Amino acid sequence: MGHNGQIQLGESTAVVIIIVIMLVLGIVFWNKVSNSGIMSIQSQSQELSVIETANTVPEMPELKCYESKVDQVKCLDWYKILAMSNATNDTNSKAFEYYNYYFKNSKITVMKIYPEEGNVTIYDAKLNNNKRTLRIPIPVNIRDYVTDRTYYGLILVEGYYNG
Amino acid sequence: MKNATNRRTFGRGGIVDVQFNWIFILIAGFVIFLFIISVVFSQKRNAEVKEDISTINQITTLLKSKQQIANVYSEMTIPNTNMNFKCDADTRYFSYKISNSERVTLPNEIIFGPQDISARKIQIWSQAFDTGFPVSVFTYITTQNSVIIIYNTSGCPYAKQLYDSLPDNITKKITSDLSMYGSNKNKKIVCFNGYGCPPANVDYINIAPAGGLFGYGNVTFHRKGNINTVKPYLMGAGLYGAIFSDTAEYYGCQMSRALDQFELKRSLVAKRLEMMRKDLEPSDCSLDFEVILNEEIIPMSNPSFNFDSIALLYDKADDLYDRNVDLTLSSCPKIY
């Protein structure tokens, strides 16, 4: 092979290498863009999951008052709250496993505000508190059928998620 | 002529040089071509996986939402894929998949229907499973080309009762003439014990109510060749479960899962009543709660899926409805 031939071969090799490098760079860039899209979808879906949990809690027969009606303020039964809190306290229990499917990575606290104050955590996934959380408060009535009193309160749903 | 000119221009070394360049370009081009093709194929695969995931998410969301509200009929259009439901009787693990996608678990959903579905439109119906307190909402799945045939030869009162209770959108017939449905592979024939059933060479479900049609009883899954499997049923929700299920095993597996959920809900009711009983001043109400706990709630614990256990559950559930009425009349808090 002559000197000219060697130069031509070198040029061809360089062109091919440059094309391959450009292809690889293009793929890396495209991957990064699509990954950032996936991360944003993931974060959005985690937020939606917390909102879904917040909507589910006051509608659960295990928690709501037996006389609650659609057109009234959402009402929770105080003794059902205590019973569920008791059942889900142990994260290895069947009850925790069952409700984990609905409540996922969240912490759900029922707060009595007026006329008396008091908090009961009905479910806690007990994840790292440093993770970002979305907090959704929902106003509810809390009915105590033993004292026949109704309290004004809140359900506070906090969703733990990576961010 | 042209080659001769080239040969004259390049000489022997030049010809080798040009040929080598062409071979090099061919090989490099082929490698780049393969690379691009592999990228295209991986993208195609990814798009298919994404489509499957999106479909599965849609179906899962819909199936979950059906479990929230009882007594609702709806239809769902899905891509033309095969759906497969699987319930493992030993692990009580319930999952489904579409086409070749990964299985998706549905740990809390109780779904009765054919194990394999290949249709663009599926019909979904739901019923509350209540045993004195709400346990779950059962979901029933069928397709438009399936038909439920209620076999009625001798004016059986249950036949009309069952026919009327099924939603009108589901294909249902009440007849004693099976000849026109012979070729339909998606037919489910239901008959009643003591009122005549189809010949032994036909698959059917024989219902033997013991506590009213929608109370409790036995269901016999009769298969050709006189293979009979008897399973109990509890409440209307359980009876529909047997009717919509393909096999006795699948029905039994879903009912066992339902009884697991029953036990969990029963323990919540027991805890609530126990706490209320302690907090109530000594009164008729606290005494009533103690009686209910000892005579109904505790004896209902850890039921098995057999006839005796189901009969006991039905009796206790019936008592709980009456107790709830009595508690309301005595101005006491209700059980649930």
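Guide: Two residues are in contact if their C-beta atoms, placed from the backbone, lie within 7 Å. Helices (H or I, at least four residues) and strands (E, at least two) are DSSP runs, numbered from the N terminus. The model is predicted: local features need pLDDT of at least 70 and side-chain atom pairs count only at pLDDT 80 or more, whereas totals for chains, interfaces and linings use all residues. Residues are numbered from 1 along each chain as its sequence is written, and chains are lettered from A and ligands numbered from 1 in the order in which they are written.

Visitor: How should a sheet be read, and what is the order of the open sheet of 4 strands in chain B?

Guide: Strands of a sheet pair through backbone hydrogen bonds, either parallel or antiparallel. Here, two strands pair if DSSP finds at least two bridges between them. The order is β1-β7-β8-β5 in chain B, and the pairing is mixed. At the edges stand β1 (73–77) and β5 (110–112) of chain B, each pairing on one side only. Neighbouring strands are turned by 30 degrees against each other on average, direction ignored. Angles otherwise run from 0 to 180 degrees between N-to-C directions, with axes as lines fitted to C-alpha atoms, for helices over the stretch in contact.

Visitor: Which helices lie against these strands?

Guide: Begin with one pairing inside the sheet: β1(B) and β7 (residues 121–130) of chain B are antiparallel over 5 bridges, and B:Ser74 has B:Ile124 in β7(B) as its bridge partner. Helix α3(B) lies across β5, β7 and β8 (134–143) of chain B, at about 150 degrees to β7(B). Helix α4(B) also packs on the sheet, where it touches β5, β7 and β8 of chain B and makes about 160 degrees with the direction of β8(B).

Visitor: Which strands form the open sheet of 6 strands in chain B?

Guide: Their order is β10-β9-β11-β12-β13-β14 in chain B, again with mixed pairing. The edge strands of chain B are β10 (172–175) and β14 (227–234), each paired on one side only. From one strand to the next, the twist averages 25 degrees. A parallel case is β9 (147–151) with β11 (187–192) of chain B, joined by 4 bridges; there B:Ile150 stands opposite B:Val190. An antiparallel case is β13(B) with β14(B), over 8 bridges. B:Arg223 stands opposite B:Ile227 in β14(B). Their hairpin has 3 residues between the strands, and B:Gly225 takes a positive phi near 90 degrees.

Visitor: Where does helix α3 (residues 235–244) of chain B lie in relation to this sheet?

Guide: Helix α3(B) lies across β9, β11, β12 (204–209), β13 (216–223) and β14 of chain B, at about 155 degrees to β14(B). Helix α6 (residues 307–329) of chain B packs on the sheet too, touching β13 and β14 of chain B at about 20 degrees to the direction of β14(B).

Visitor: Is α3(B) enclosed or open to its surroundings?

Guide: A residue is buried if 20 or more other C-beta atoms lie within 10 Å of its own, exposed if 12 or fewer, and partly exposed in between. Helix α3(B) is largely enclosed by the rest of the structure, because 9 of its 10 residues are buried; among them are B:Leu239, B:Tyr240 and B:Phe244.

Visitor: Which residues have the most contacts inside the largest nonpolar core?

Guide: Such a core is a set of buried Ala, Val, Leu, Ile, Met, Phe, Trp, Tyr and Cys residues joined through C-beta atoms within 7 Å. The largest has 96 residues, and B:Tyr151, B:Val190, B:Ile205 and B:Ile243 have the most contacts inside it. Helix α4 (residues 248–279) of chain B gives the most to this core, with 13 residues. B:Tyr151 touches residues including B:Ile189, B:Val190 and B:Cys191, not counting residues up to four places away in sequence.

Visitor: How are two packed helices described, and at what angle do α5(B) and α6(B) cross?

Guide: Two packed helices are described by the angle between their axes and the distance between the axes. The axes of α5 (residues 284–297) of chain B and α6(B) come within 11 Å and cross at roughly 175 degrees. These helices are therefore roughly antiparallel to each other (under 35 degrees is roughly parallel, over 145 roughly antiparallel, 65 to 115 roughly perpendicular and the rest oblique). The contact includes B:Asp288 of α5(B) and B:Lys316 of α6(B).

Visitor: How many residues of chain A are in contact with chain B?

Guide: 25 residues of chain A are in contact with 26 residues of chain B. On the chain A side, α1 (3–56), α2 (78–88) and α3 (94–103) each give two or more residues. Chain A comes to 3 helices and 5 strands.
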